[in-house]
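Welcome, and thanks for taking a look at this one. Below are a few friendly notes to read alongside the sequence and the 3D view.

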Amino acid sequence: MSKTGTTNHNLILKTMALTMAFAMILTGCRKDTTTNNNSSTDTNTGGTATTGTSAIVAASATVGTAEGSTEVGANVDDLIANSTFGSAVIINLGSTITITNPLTSTVTITQSNGDVVVNSTATGVDYQITGTTTNGSVKIYSEKKFKVTLNNANITNNDGPALNIQSSKRAFIELTAGSTNSLTDGTSYATSTEDQKGTIFSEGQLIFVGTGALTVKGNVKHGIASDDYIRIISGNISISAAATDGIHTNDAVIVDGGTIAITAKSDGIEAEEGHVIINDGTLTLNTVDDGIAASYEGTDATIVPYVNINGGTITIKTTQGEGIESKGVMTINKGTITANTYDDGINAAKAIYINGGSLYCYANNNDAIDSNGTITITGGTTVAIGANQPEASFDCDARAFKITGGTVIGIAGATSGPSTTSTIRSVVMGSGAANTIVHIEAADGTEALTFLAPKAYSTLIYASSKLIANTTYTVYTGGTVTGGTNFNGLYLTGTYNKATKTSTTFTTTNVLTQVGGSISRN
């Protein structure tokens, strides 16, 4: 070899060594993954132009045995029909406050500078509040449970909560049908030895009923807060702004119905030392931090944080936080959930169970669905959009990811791989382009997947009973769908018009088939 040839050879060896070292450094900085790098992993490049159509037929997805919790938080004492409030005390706010009190021996009411203070030992009292004050409040001390009826009540307090319930007893807040009510706290609070944690605050349980409208603005603290629990059975409740949480409790938040809209600088709904249960209702949450959170992380074993979604329509948008977070277990049994988040779409410390419903998570900077324990999907439709590598559509740190039912589609930089305990076939594939359809069909033309990706991705995971065991499938990209219905890009019906037949084929010999993409291993 000539001197020049020897020099070139040495340069090549040095370059190769540096390249390998650099690659090792990069590998040490990311989640461990298993990547299939065969020539067919990229479903967005290559392929052959083609024509033809494929029918997208709505199929009944397999439903596995539900796991997790079915708790709905039922409590007969929270039903207003089981209580009687036969004595009415009327508080008419205005430049002059008018009070009608037939219970003077057991209910004492004082007023000073627009602030009304009630002290009661009476049973079955309905405090009916109406009128407007621009610098006042209502505070209630009671030894018995009671009801507060808001009937076109507009309260602004310049130095504290608008409605302050200093009673550990159950308080029903009834929003009179057809009424519009507004409560606003001050921009600063006067010093007090009592708790005053929000515009509406109670030491005890708060139960919201009625069909009227309530707007709450929290300038200093939470919108609605309780040191016990809050239950919303009905009503149209808007927390237009909250300096911290929209709804904050010590023990629990339970939503059975109603329409709830929250804009908050921290969490939308938080149970600090307890749980959150959504049974029904329409919730729209725009938050800086988490949309919904059961956030306890202490050492008290008697406190069990969890989140159960049993129904309802939930729409969440966050600018810094997660969509739904549980520091314990999260169970989704039913409902429609849309979460567009900065951080994880949903996150649980111990386990996530998805048994039904329709779930769409779009996480801009992290995993779409993230469990620090396990993930189990037995039913429903789940569309998970995660950030680029190393983030994942589904991430359970290589712990069990079991799929026994439902329809699952996810795109991101990576994914956890379904475990061998799964009974539904799944496939993990490589990259695709934004706003481009990926279509999978069998040799006989039977459609298995038609999905319009909202962003570019390097890993796609799909699991469905449409994937039949020991069947060979071909992947198509591009094209259009006519006459179709879809759930966030996952087509349920319609006709797929083909564009490009890729070289990617796979056979569902095993429960999990990988023909590209990255499966996270930690």
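**Notes for a new reader**

1. A good place to begin is strand β10 (residues 146–156), which runs parallel to strand β13 (residues 180–184) and is joined to it by 3 bridges. At the residue level, Thr156 stands opposite Thr184 of β13. Please keep in mind that you are looking at a predicted model.

2. From β13 you can step on to another neighbour. Strand β16 (residues 213–218) pairs with β13 in the parallel sense, over 5 bridges. To find this pairing in the view, pick Ser182 and look for its bridge partner Thr215 in β16. So β13 pairs with β10 as well as with β16, and as general background, side chains in a regular strand alternate between the two faces of the sheet.

3. Now zoom out. How many helices and strands does the chain have? There are 50 strands and 1 helix. Along the principal axes, the C-alpha atoms fill a box of roughly 110 × 60 × 40 Å.

4. The chain has 522 residues, and 53% of them count as buried. For contacts between residues at least 6 apart in sequence, 58% link residues at least 24 apart.

5. Last, the surface and the charges. The accessible surface of the chain is about 20600 Å², with 50% of it belonging to carbon and sulfur atoms. Negative side chains number 41 and positive ones 27, and the centres of these two sets are 8 Å apart.

Notes. Residues are numbered from 1 along each chain as its sequence is written. This is a predicted model: local features need pLDDT of at least 70, side-chain atom pairs count only at pLDDT 80 or more; totals for chains, interfaces and linings use all residues. Side-chain values use heavy atoms; hydrogens and water are left out. Helices (H or I, at least four residues) and strands (E, at least two) are DSSP runs, numbered from the N terminus. Buried means under 20% relative accessible area, exposed over 50%, partly exposed in between (1.4 Å probe, protein chains only). Contact means heavy atoms within 4.5 Å. Accessible areas come from the Shrake-Rupley method with a 1.4 Å probe; for residues, only the protein chains shown count as cover. Lys and Arg count as positive and Asp and Glu as negative; His and the chain ends are not counted. The place of a charge is taken as NZ of Lys, CZ of Arg, CG of Asp or CD of Glu. Two strands pair if DSSP finds at least two bridges between them.
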